Amino acid sequence: MENDGDTIFDAVVVGSGFAGMSAALNLSLNGKKVCIIEARDRIGGRVNTGYANDGHSFEFGATWVCPGQDEILGLIEKYNLKTKEQFFDANHILNCLGKKRVYSDGTTPPVGVLGRMDLSYILNKLNSVAMRIPIEDPWNADHAKWFDSITLETYLKKHTTWTQIGKTSIDLNIRTLFCCEPDEISALYALWFIHANQGLLSLFQAQHATIVGGTRQVLDCMLEEMKQTGNVTLVLETPINKIEQHEDYVEVTNLTTQKSYKGRYCVCAVPPPLIPSIEFVPPLSPEHIALRQRMPMGNVIKTITRFSRPFWRENGFSGLSLSDSGPLCETYDYCDMDNEFYALIGFIAGNDCITWRQYGEEERKNEILEQFRNLYESDEAYNATEHYEFDWNSEVFTRGGYFAGLTPGTLTKWGDQLRNSHGSVYFASTETATKWSGYMDGAIQSGRVVAEKIVEKL
Ligand SMILES: Cc1cc2nc3c(=O)[nH]c(=O)nc-3n(C[C@H](O)[C@H](O)[C@H](O)COP(=O)(O)OP(=O)(O)OC[C@H]3O[C@@H](n4cnc5c(N)ncnc54)[C@H](O)[C@@H]3O)c2cc1C
């Protein structure tokens, strides 16, 4: 479908991440005319598949899917894509408080009897309290105001005071889950997140499988399916700065080029912290704005380092490590043995990210190779053949990752605005999902749900 500028689509969708694409797919399959307007020169948002020198794909953004993520698994199946289980079948490493602890699948890290008691107590506690937080309306939980008045840090301190190893390990796990520190997010929000994402065990097993050939393919297939309906127009490189509601339609405009697109409804599928910088006419309510001003994105740089041999596997390691020192707080094997692609991926997250962002890329790379050398006990770590990094906080149209978390006091005061529409403008993003929020699966759910609401109205 071409846009002649005067066309009034059934819906304009701002943003082509999984949320926007899912909304557009569901609308177009229901016979509705849709225009997707994307700021970047590519679709996908926080999904960004990169390619190595020989064309092998890897992920700068979202990578894994896991059982229970029915939305994304459904699309993978529908498009006949394949997944490959993450390699874990060797020794893992917990490197914290100056000591490297090696353990294997099915065992817990050797953190001593007290450390283990500490960890199992706090994990059980978090899980059991989380299950009592209602997913649809966490602000109505028993003691919601109290849980929301404290940070997750305060909550953890109340419950893990016996050992330093217990506290350090739990902090590391929080850093790798949320890309922030426990003192940055509300305890109520963290508990809600755990419940919405099926409990801590399921969260810790989220790195289950990758999509063979790259995550981006799911979005490409969605676009292809939409195109087949003949109902979709995609406009790239057009950041929307203004969303104006007229009597019968919503007009979204790029104020630099003055290009605008009209739809009877609008799906605003941009990350929540970016929404206050868009001019809304009539204006978004102070409640809508207040919520999104208190949802900072996490801090994360993702790295991928390629080698000529999988030396960590040869030395009996799975590539999974958690570290409280060195740039990378978390690493994973990213090998494709059939195609001789041997790589480790890593995350610089939370406070580590703030610290290591001060250094130059070359310095970070050298430190990362040193970290691999120490973790996997081989000088081959120094012989990386390719190294890439991606700083999500420097991305103007994302501003961090993996997702936006809520600061104390936000959920109970303004949480009900998360999924509220603004007239004919609906909001979708992984952050508005009620299942697998923060993940691709949640983004797909959020887009599908707003599409269903709009289809009902049209
Ligand atoms: C490093 C990293 C690793 C991750 N790993 C995983 C993982 O392994 N598994 C998993 O399930 N999830 C993972 N995630 C999370 C996952 O990527 C997100 O939950 C999901 O992709 C979010 O989709 P979305 O549509 O809500 O938002 P986005 O993907 O952010 O989409 C928003 C879109 O809006 C566009 N946009 C922004 N502003 C404007 C504007 N003004 N006008 C027009 N367009 C605009 C953006 O360019 C973007 O395309 C990861 C994320 C990161 C950053």
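**Reading a predicted model, feature by feature**

Guide: With 12 C-beta neighbours inside 10 Å, Glu340 counts as exposed, and that is a convenient place to begin with this model, which is predicted.

Visitor: Where in the chain does Glu340 lie, and what is its phi?

Guide: The general idea comes before the case: most residues other than glycine have a negative phi, and most peptide bonds are trans. Glu340, in the loop between β17 (330-333) and β18 (342-349), has a phi near 55°, a positive value in a residue other than glycine.

Visitor: Is Cys179 buried or exposed, and which helices does its loop connect?

Guide: Cys179 is placed in the loop between α6 (164-178) and α7 (187-196), and although it is not a glycine, its phi is positive, at about 60°. A residue counts as buried once 20 or more other C-beta atoms lie within 10 Å of its own; because Cys179 has 28 of them within that distance, it is buried.

Visitor: Which residues does the cis peptide bond with omega of about -10° join, and which residues share the one with omega near 0°?

Guide: Val281 and Pro282 are joined by the cis bond whose omega is about -10°, and Pro282 is found in the loop between β14 (279-281) and α10 (286-293). The peptide bond from Gly401 to Tyr402 is also cis, with omega near 0°, and Tyr402 belongs to the loop between β19 (386-391) and α14 (410-414).

Visitor: Which residues are closest to the ligand?

Guide: Gly401 appears again here, since the closest residues are Gly15, Gly17, Gly45, Arg46 and Gly401, out of 40 that surround the ligand. By class, the shell divides into 23 nonpolar, 12 polar and five charged residues, and among the elements that each supply at least two of its residues are α1 (18-29), β15 (300-307) and α15 (440-457).

Visitor: How should I read strand pairing, and what are the partners of β7?

Guide: Strands of a sheet pair through backbone hydrogen bonds, either parallel or antiparallel. Strand β7 (residues 91-96) pairs in the antiparallel sense with strand β8 (residues 99-104) over six bridges, with Asn95 standing opposite Lys100 in β8. These two strands form a hairpin with two residues between them, and Leu97 in the turn has a positive phi of about 55°. With strand β16 (residues 317-323), β7 pairs in the parallel sense over four bridges, and there Asn91 stands opposite Phe317.

Visitor: In what order do the strands of the open sheet with β5 run, and which strands stand at its edges?

Guide: Three strands make up this open sheet, in the order β5-β9-β6, and their pairing is antiparallel. The edges are β5 (64-65) and β6 (83-85), each with a single partner strand, so one side of each is left without a neighbour in the sheet. The pairing of β5 with strand β9 (residues 209-211) is antiparallel over two bridges, and Trp64 stands opposite Thr210 in β9.

Visitor: How is the protein chain divided into domains, and how far apart are their centres?

Guide: Domain 1 takes in three stretches, 8-46 + 214-284 + 422-457, while domain 2 covers 91-204, and the C-alpha centres of the two lie 34 Å apart. Five residues from domain 1 and five residues from domain 2 take part in the contact; on the side of domain 1 that touches domain 2, the residues divide into one nonpolar, three polar and one charged.

Visitor: Which residues are in contact with Ala144, leaving aside its neighbours within four places in sequence?

Guide: Ala144, which lies in helix α4 (residues 144-149), is in contact with Pro138, Trp139, Leu188 and Thr412 once those sequence neighbours are left aside. It is buried, with 20 other C-beta atoms within 10 Å. Ala144 and Leu274, 130 residues apart in sequence, are 27 Å apart in space from C-alpha to C-alpha.

Visitor: What does the radius of gyration say about the whole protein chain?

Guide: A compact globule of 458 residues would have a radius of gyration near 23 Å, and the protein chain, at 22 Å, agrees with that. Its C-alpha trace spans about 65 × 55 × 40 Å along the principal axes, and 50% of its 458 residues count as buried. Of the contacts with a separation of 6 or more, 74% come from residues 24 or more positions apart. The secondary structure of the protein chain consists of 15 helices and 20 strands.

Methods
Residues are numbered from 1 along each chain as its sequence is written. This is a predicted model: local features need pLDDT of at least 70, side-chain atom pairs count only at pLDDT 80 or more; totals for chains, interfaces and linings use all residues. The radius of gyration is taken over C-alpha atoms; the globule rule is 2.2 Å times the number of residues to the power 0.38. Two residues are in contact if their C-beta atoms, placed from the backbone, lie within 7 Å. Domain bounds come from an automatic or database domain assignment. Ala, Val, Leu, Ile, Met, Phe, Trp, Tyr, Cys and Pro count as nonpolar, Asp, Glu, Lys and Arg as charged, and the others, Gly among them, as polar. Two strands pair if DSSP finds at least two bridges between them. A residue is near a molecule or strand if its C-beta atom, placed from the backbone, lies within 6 Å of it.
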